[in-house]
Amino acid sequence: MGHDSDRAALIYQHATRGADQKIADALDARVAEERGDDEDGAAGVLVPAG
């Protein structure tokens, strides 16, 4: 990605990981809102793999 060091790349990846999760959470909430899903059930909940 053009970083001068592996350390710089790791710092960047770590910083974006949190932002990616916030985006995913916001999209999930929007989809649930559009579908009219209630928050009580666990059906359809995505879980981390691995």
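**A walk along one helix**

Start with the whole chain in cartoon view: the protein has one helix and zero strands. Keep in mind as you go that this is a predicted model.

Now switch on the surface. The protein has 50 residues, and 4% of them count as buried. Its accessible surface comes to about 4900 Å², with 54% belonging to carbon and sulfur atoms.

Next, select residues 6-35, which make up helix α1. What does α1 reach from its first C-alpha to its last? The 30 residues of α1 cover 43 Å, close to the 44 Å expected at 1.5 Å a residue.

Step back to the segment before α1 and pick S5. Is S5 buried or exposed? Neither label fits, because its relative accessibility is 33% and S5 therefore counts as partly exposed. Show A8 as well: a polar atom of the S5 side chain lies 3.0 Å from the backbone nitrogen of A8.

Travel along the helix to R30 and E34, and show their side chains. They meet in a salt bridge, 3.3 Å from N to O. Side chains of opposite charge can pair when their charged atoms come close. Why are R30 and E34 separated by about one helical turn? Because the two residues are four apart in helix α1. Both ends of the pair are open to view: R30 is exposed, and E34 is exposed too. The count for the protein comes to one salt bridge.

For the last stop, select G36, just after α1. Check its backbone there: G36 takes a positive phi of about 80 degrees.

Terms used
Residues numbered from 1 in each chain as written. Predicted model: local features only at pLDDT ≥ 70, side-chain atom pairs only at ≥ 80, totals over all residues. Heavy atoms only, no water. Buried < 20%, exposed > 50% of the residue type's maximum accessible area, 1.4 Å probe, protein only. Areas by Shrake-Rupley, 256 points an atom, 1.4 Å probe, with all protein chains shown as cover. Salt bridge = Lys/Arg side-chain N within 4 Å of Asp/Glu carboxyl O. Expected span 1.5 Å × (residues − 1). Polar contact = N/O pair within 3.5 Å; in protein donor to acceptor, adjacent residues only side chain to side chain.
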